[in-house]
Amino acid sequence: NVVASQIALHRRFGGVVPEIASRQHVLALPTVTAAALREAAMGWREIEGIAVTYGPGLAGPLLVGINFAMGLSLARRIPLFAVNHVEAHVLSVWLETPEPPRLPMVSLVVSGGHTELILVEGVGRYRVLGATVDDAAGEAFDKVGRLLGLPYPGGPSVEKAAGKANGTVTELPRAWLPGTYDFSFSGLKTAVLRLVQTQGKVASPEGAERLSLAEEDVASIAAGFQESVADVLTAKLARAVEDQGAGSAAIVGGVANNKCLLNVARSRLDVELRWPAPGLSTDNAAMIAGAALLNPRPADYDLDAVPSLSLS
Ligand code: KG4
Ligand code: ZN
């Protein structure tokens with residue numbers, strides 16, 4: 001499971017630049033593939049299939065991956081498997097544990113591009129109960145991180161800043177969207193923007209003017225933001241588990257790294273909570289291969305990228 005991170009490259013732009021991401025995939029794929037074989041101490045003769053994600057995600061990087069996988073499949077004469085990126089996140093809790101989770105399971109998928117509550121009735125049997133109506137949870141972390149002047153990606157930076165809050169937590173709004181399993185984070189983001197506008201002082205790091213907050217204010221707002229996101233996500237997860245009579249719950253995707261979110265979820269759930277093993281929550285190749293093993297979908301050489309591919 002070799003991961004070539006592009007975070008350092010995108011940091012100076014404050015987010016992912018799609019064109020740079022595509023080109024970086026072209027550069028990284030051959031060396032990452034070679035490193036994976038080397039680390040696994042395997043040769044091509046032992047590889048019996050190639051799995052690749054074809055969506056959801058950014059069209060450019062998806063196309064680079066699909067074409068690379070097709071090339072390998074053709075050259076090595078081994079079958080190609082198409083994987084839904086969100087399904088791979090959902091199935092990531094099957095990996096590295098001997099016991100499969102108790103079904104039905106309610107899975108909360110929280111990443112930079114997705115926030116969805118999914119009822120998992122079995123491998124390949126999913127029902128989307130609700131989703132975000134605006135920003136994804138990870139996207140909200142990234143945007144709020146940028147507003148607070150923290151380094152990209154905002155998720156880990158906001159969590160770290162919140163850890164310095166010493167109990168002073170800024171109260172921030174929650175969008176409950178009653179009667180649905182849907183989420184909204186744009187109002188919360190705007191509330192943080194207003195605070196930065198009222199409490200911030202003009203600073204000009206490297207000549208670029210922006211509003212800057214005192215470190216303790218950043219910590220307190222970061223803690224309030226994190227609590228608000230965790231509160232809404234886990235309240236709906238817990239309600240879905242109860243309403244659906246689920247036997248277990250899971251939190252997957254990059255935001256599943258967040259300790260506050262996991263702690264609040266654990267305190268609210270009466271069923272077992274699963275989250276991915278280390279290295280399997282943020283995007284990775286092991287979960288793509290794992291999904292193809294658990295739910296193999298053979299693909300042809302006309303496989304195309306589907307940026308808004310859905311699960312149900
Ligand atoms: O699943 P992922 O690697 O990529 C997508 O499919 O989007 O998720 C990346 C997202 C980013 O928005 C990042 O800020 C967020 O996961 N993230 C976190 C944490 N670590 C990563 N959010 C909150 N707390 C964290 N510790
Ligand atoms: Zn992902």
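Is the crossing of α5 and α6 left-handed or right-handed? The tour comes to that pair of helices at its fourth stop.

This is a predicted model, in which local features need pLDDT of at least 70 and side-chain atom pairs count only at pLDDT 80 or more, while totals for chains, interfaces and linings use all residues. Residues are numbered from 1 along each chain as its sequence is written, chains are lettered from A and ligands numbered from 1 in the order in which they are written, and side-chain values use heavy atoms, with hydrogens and water left out.

**First stop: the five-stranded sheet**

Select the strands β5, β4, β3, β8 and β9, which in that order form an open sheet with mixed pairing. Helices (H or I, at least four residues) and strands (E, at least two) are DSSP runs numbered from the N terminus, and two strands pair if DSSP finds at least two bridges between them. At the edges stand β5 (125–131) and β9 (272–274), each with a single partner strand, so one side of each has no neighbour in the sheet. From one strand to the next the twist averages 20 degrees.

Now narrow the selection to β3 (residues 105–110) and β8 (residues 248–252), which run parallel and are joined by five bridges. Val106 has Ala249 of β8 as its bridge partner, and Val109 is partnered by Val252 in β8. Towards β9, three bridges join β8 to that strand, again with the two running parallel, and Ala250 stands opposite Arg274 in β9.

Colour β8 by accessibility, where buried means under 20% relative accessible area, exposed over 50% and partly exposed in between, with a 1.4 Å probe and protein chains only. Five of the five residues of β8 are buried, so the strand is largely enclosed by the rest of the structure. In a regular strand the side chains alternate between the two faces of the sheet. Here both faces are covered, with Ser248, Ala250 and Val252 buried on one side and Ala249 and Ile251 buried on the other.

**Second stop: the three-stranded sheet and its helices**

Select β1, β2 and β10 next, an open sheet in that order whose pairing is mixed. The edge strands are β1 (50–55) and β10 (298–299), each of which has a single partner strand, so one side of each is left without a neighbour in the sheet. Five bridges join β1 to β2 (residues 80–84), and these two strands run parallel; the bridge partner of Gly55 in β2 is Asn84. Add helix α3 (residues 59–76), which packs on the sheet and touches β1 and β2, its direction making about 155 degrees with that of β1. Contact means heavy atoms within 4.5 Å, while axes are lines fitted to C-alpha atoms, for helices over the stretch in contact, and angles run from 0 to 180 degrees between N-to-C directions. Helix α10 (residues 285–294) lies across β1 and β2 and runs at about 100 degrees to β1.

**Third stop: the zinc ion**

Centre the view on the zinc ion (ligand 2), whose protein donors are His85 (NE2), His89 (NE2) and Asp283 (OD), at 2.0 to 2.1 Å from it. Donors are N, O and S atoms within 2.8 Å of the metal (3.2 Å for Na, K and Ca), and sites may look incomplete because water is not among the atoms. In sequence these donor residues are spaced H-x3-H-x193-D. His85 and His89 are four residues apart in helix α4 (residues 85–91), and therefore about one helical turn separates them. His85 is buried at a relative accessible area of 13%, and His89 is buried at 1%.

The angles among the four donor atoms span 98 to 145 degrees, and the site is irregular. Four donors count as tetrahedral if all angles lie between 85 and 135 degrees; four count as square planar and six as octahedral if opposite donors are over 155 degrees apart and all others between 65 and 115; anything else is irregular.

**Fourth stop: two helix pairs**

Select α5 (residues 137–147) and α6 (residues 154–162), whose axes come within 7 Å and cross at roughly 65 degrees. The crossing of α5 and α6 is left-handed, the term for a near helix turned anticlockwise from the far one by less than a right angle, whereas right-handed means clockwise. Phe141, Asp142 and Gly145 of α5 meet Gly154, Gly155 and Val158 of α6.

Finally, select α8 (residues 215–244) and α9 (residues 259–268), which pack at an angle of about 35 degrees with their axes 9 Å apart. Here α8 passes α9 in a right-handed crossing. Among the residues making the contact are Gln226, Ala230 and Leu233 of α8 and Cys260, Leu261 and Val264 of α9.
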